[in-house]
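Student: Could you take me through one part of this model closely, and then show me how it connects to what lies around it?

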Amino acid sequence: MQLYIANKLYSSWSLRPWLLMTALGIPFEETVIPMYFPDTKGRMLDVSPTGKMPCLVDGEIRVWESLAIVEYLHETHPGKGVWPADAAARAHARATSAEMHAGFQALRNACPMNLGKRFQPRDLGNDVADNVRRFQGMVSDCRRRFGAGGDFLYGTFSAADAMYAPLATRLDTYQIELAPQTRAYIDAILAHPAFLKWRTEALAEPWGITHYEDGWVSAETFHTATILTGHPRAGA
Ligand SMILES: N[C@@H](CCC(=O)N[C@@H](CS)C(=O)NCC(=O)O)C(=O)O
């Protein structure tokens, strides 16, 4: 299988299936198409009808949209534990993952994924606070009801954790205050060997995207770009 992704430093949607496949030992080859170059849109459209990454290609079968990729992996690799084995946990995991795919808009808009920096904390407004409150409530509920078998939402690492991993990085990057249980959960994600591999590769990328950096005060820098790209309307 070939997984097409965008920049590892910034592409939250790309991280999700990559992390799941790597964590569960599902073999694949990857191709990175870096964002905001003049030929980026054409290259992405050659791969995916949406012109967005990720996209999984398995022979004649092409799957775009991160959550659809997760379901495809569940069908094609039934023994890998993509979703929890227990029916109630699996239904819950699908619901929380769909919620991530469709929601948390304020947090996603205000705090783009950026693995190369840790920014000074600042007031991010009520909508972001609501998203953080919901995430913390969800972590607490999942850990209490389904988390006994490990450190992740449903015990062992599953697609739900892959779906929430980029959000975990944002909470860390933007130094958002968290309850100890939420902090422990995001630390488990950030310490997962598959995530550490992604992060190492992200930090080795040459590309920096200006509008994911501008307007923030950096507290720590882990990545220095040698090639800058950016959306023409960024910062407008
Ligand atoms: N809903 C899509 C979102 C995909 C998406 O927005 N990908 C971004 C990268 S994180 C992208 O390819 N952006 C490039 C562009 O819009 O030109 C999914 O779940 O896969």
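Tutor: Happily; the close look goes to helix α6, followed by its surroundings and then the rest of the chain.

Two notes before we start. This is a predicted model, in which local features need pLDDT of at least 70 and side-chain atom pairs count only at pLDDT 80 or more, while totals for chains, interfaces and linings use all residues. Residues are numbered from 1 along each chain as its sequence is written.

Helices (H or I, at least four residues) and strands (E, at least two) are DSSP runs, numbered from the N terminus. Helix α6 covers residues 126-146, 21 residues in total. The expected span of a helix is 1.5 Å times one less than its number of residues. For α6 that gives 30 Å, and the end C-alpha atoms are indeed 30 Å apart, so the two agree.

Now to its sides. A residue is buried if 20 or more other C-beta atoms lie within 10 Å of its own, exposed if 12 or fewer, and partly exposed in between, with C-beta atoms placed from the backbone. The buried residues of α6 are V128, N131, V132, F135, M138, V139, C142 and F146. Because these cover an arc of only 125° around the axis, they sit on the same side of α6; the arc is that of the directions from the helix axis to the C-beta atoms. The general reason is that an α-helix has 3.6 residues a turn, so residues three or four places apart point the same way. N126, R133, G137 and R144 are exposed on the other side of α6.

What covers the buried residues of α6? The cover includes α4 (87-102), α5 (105-110), α7 (159-173) and α8 (180-190). For contacts of this kind, two residues count if their C-beta atoms, placed from the backbone, lie within 7 Å.

One of those partners, α4, can be read in the same manner. It has 16 residues and reaches 22 Å from its first C-alpha to its last, close to the 22 Å expected. A89, H92, A93, T96, S97 and M100 are the buried residues of α4. They cover an arc of only 130° around the axis, which places them on the same side of α4. The face turned away from that buried side carries the exposed residues A87, A88, A91, A95, A98 and A102. The buried residues of α4 pack against α3, α6 and α7. Just after α4, F104 takes a positive phi of about 55°.

Next, follow the chain out of α6 into the loop that leads to α7. G147 lies in this loop, and it counts as buried because it has 20 C-beta neighbours inside 10 Å. Leaving aside its neighbours within four places in sequence, G147 is in contact with C142, F152, L153, Y154 and G155. Y154 has its place in the loop between α6 and α7 too. Y154 is buried, because 27 other C-beta atoms lie within 10 Å. Beyond four places in sequence, the contacts of Y154 are P84, A89, A93, C142, F146, G147 and A160. The C-alpha atoms of Y154 and D86 are separated by 9.6 Å, although the two are 68 residues apart along the chain.

Stepping back, the domain assignment, which is automatic or from a database, gives domain 1 (2-76) and domain 2 (87-196). Their C-alpha centres lie 21 Å apart, and the contact takes twelve residues from domain 1 and 17 residues from domain 2. On the domain 1 side, α1 and α3 (66-76) each supply at least two residues, and α1 gives the most, with seven residues.

Helix α1 (residues 12-24) also supplies the largest share of the shell around the ligand, three residues. In total 14 residues surround the ligand, and the closest are S11, W13, K52, M53 and S66; a residue is near a molecule if its C-beta atom, placed from the backbone, lies within 6 Å of it. M53 has a backbone feature as well: the peptide bond from M53 to P54 is cis, with omega near 10°. P54 lies in the loop between α2 (40-47) and β3 (55-58).
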